[in-house]
Amino acid sequence: MNIMQPKISGAILAGGRATRMGGNDKGLIFLNKKPLYQHIADKLFPQVDELIINANRNLDIYRQSGYHIVPDLTPDFSGPLSGMLTALKSASYDWVIFVPCDVPDLPTDLVIRLWQGKQQALAAYVNDGSRAHPTIALLHRSLTSQLENYLANGDRKLILFMHKIRAIAVQFDDNPIVFTNLNTPQDCQHWEHIQEIKK
């Protein structure tokens, strides 16, 4: 018997440098006539009670989406953990689900499965059966100070932070391909090609 799912904030992490995309803002790269982050928003928004986008560039373009846009509190592009800290501090609700801006095939049951899979833990993240995806994670806001301390110590490794806070790895090995992230322009072209074949 699972405890009833509370209200959950969703956060899309779009604040990185995207060096493998030639430095272009990854979330704004168009796929099938729609920016990449919008594919993620369309999948995530129905599963959450509010949606935040963590972005550090092109804020006016992201604001056109109507979602709440929050830039990193730390100005040094210190990776996904910085975006997570910013979203934890900006969220309206105690639980926040994080998703990077480059996973357009997210499962529609992502939030409920992470919620149920975390058991009594304060954090959980996706494992697709062969690899961990710590950027796709559910965290409780009470972890904010631990995350602040971790970053203040100069630590940046996300998976180590997950181990430190005893996050549960929730298995999504039934369909690992949905967690494929698009890192390069070639990845994007391949994804569009696959979508065409599916039609």
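K26 sits in the loop between β1 and β2 (30–31) of this predicted model. Although K26 is a lysine in a loop, it counts as buried, because its relative accessibility of 13% is under the 20% cut-off. The UniProt entry, which is unreviewed, lists K26 under "binding site", together with L13, A14, G15, N54, D72 and D102.

N54 from that annotation is worth a look too. This residue belongs to strand β4 and is buried, with a relative accessible area of 2%. Setting aside neighbours within four places in sequence, N54 is in contact with I12, L13, A14, G15, V70, P71, D72, G83 and T86.

Here are the two residues side by side:

| Residue | Place | Relative accessible area |
|---|---|---|
| K26 | loop between β1 and β2 | 13% |
| N54 | strand β4 | 2% |

Now to the nonpolar interior. The largest nonpolar core has 39 residues, and I53, I97, L110 and L114 touch the most other members. Elements giving two or more residues to this core include β1 (8–14), β4 (50–55), β6 (95–100) and α7 (185–198). The top contributor is α1, with five residues. Beyond four places in sequence, I97 touches I8, S9, G10, A11, L44, V48, L110, V111, L114, A137 and L138. Another core, of 25 residues, lies apart from the largest one, and L88, V96, L158 and M162 are among its members.

Finally, the second largest pocket holds about 230 Å³ of space. Its lining includes D105, H190, W191 and K198, and the lining residues divide into five nonpolar, four polar and three charged.

Methods:
Residues numbered from 1 in each chain as written. Predicted model: local features only at pLDDT ≥ 70, side-chain atom pairs only at ≥ 80, totals over all residues. Heavy atoms only, no water. Core = buried A, V, L, I, M, F, W, Y, C linked by side-chain atoms within 4.5 Å. Buried < 20%, exposed > 50% of the residue type's maximum accessible area, 1.4 Å probe, protein only. Helix = DSSP H or I, 4+ residues; strand = E, 2+ residues; numbered from the N terminus. Contact = heavy atoms within 4.5 Å. 1 Å grid on protein atoms, 1.4 Å probe; cavity = no way out; pocket = protein on both sides within 12 Å on 5 of 7 lines; lining within 4 Å. Points joined across faces, edges and corners; volume = space filled by probe spheres on them. Nonpolar A, V, L, I, M, F, W, Y, C, P; charged D, E, K, R; others polar. UniProt positions renumbered as here; feature names shortened; annotations may be inferred.
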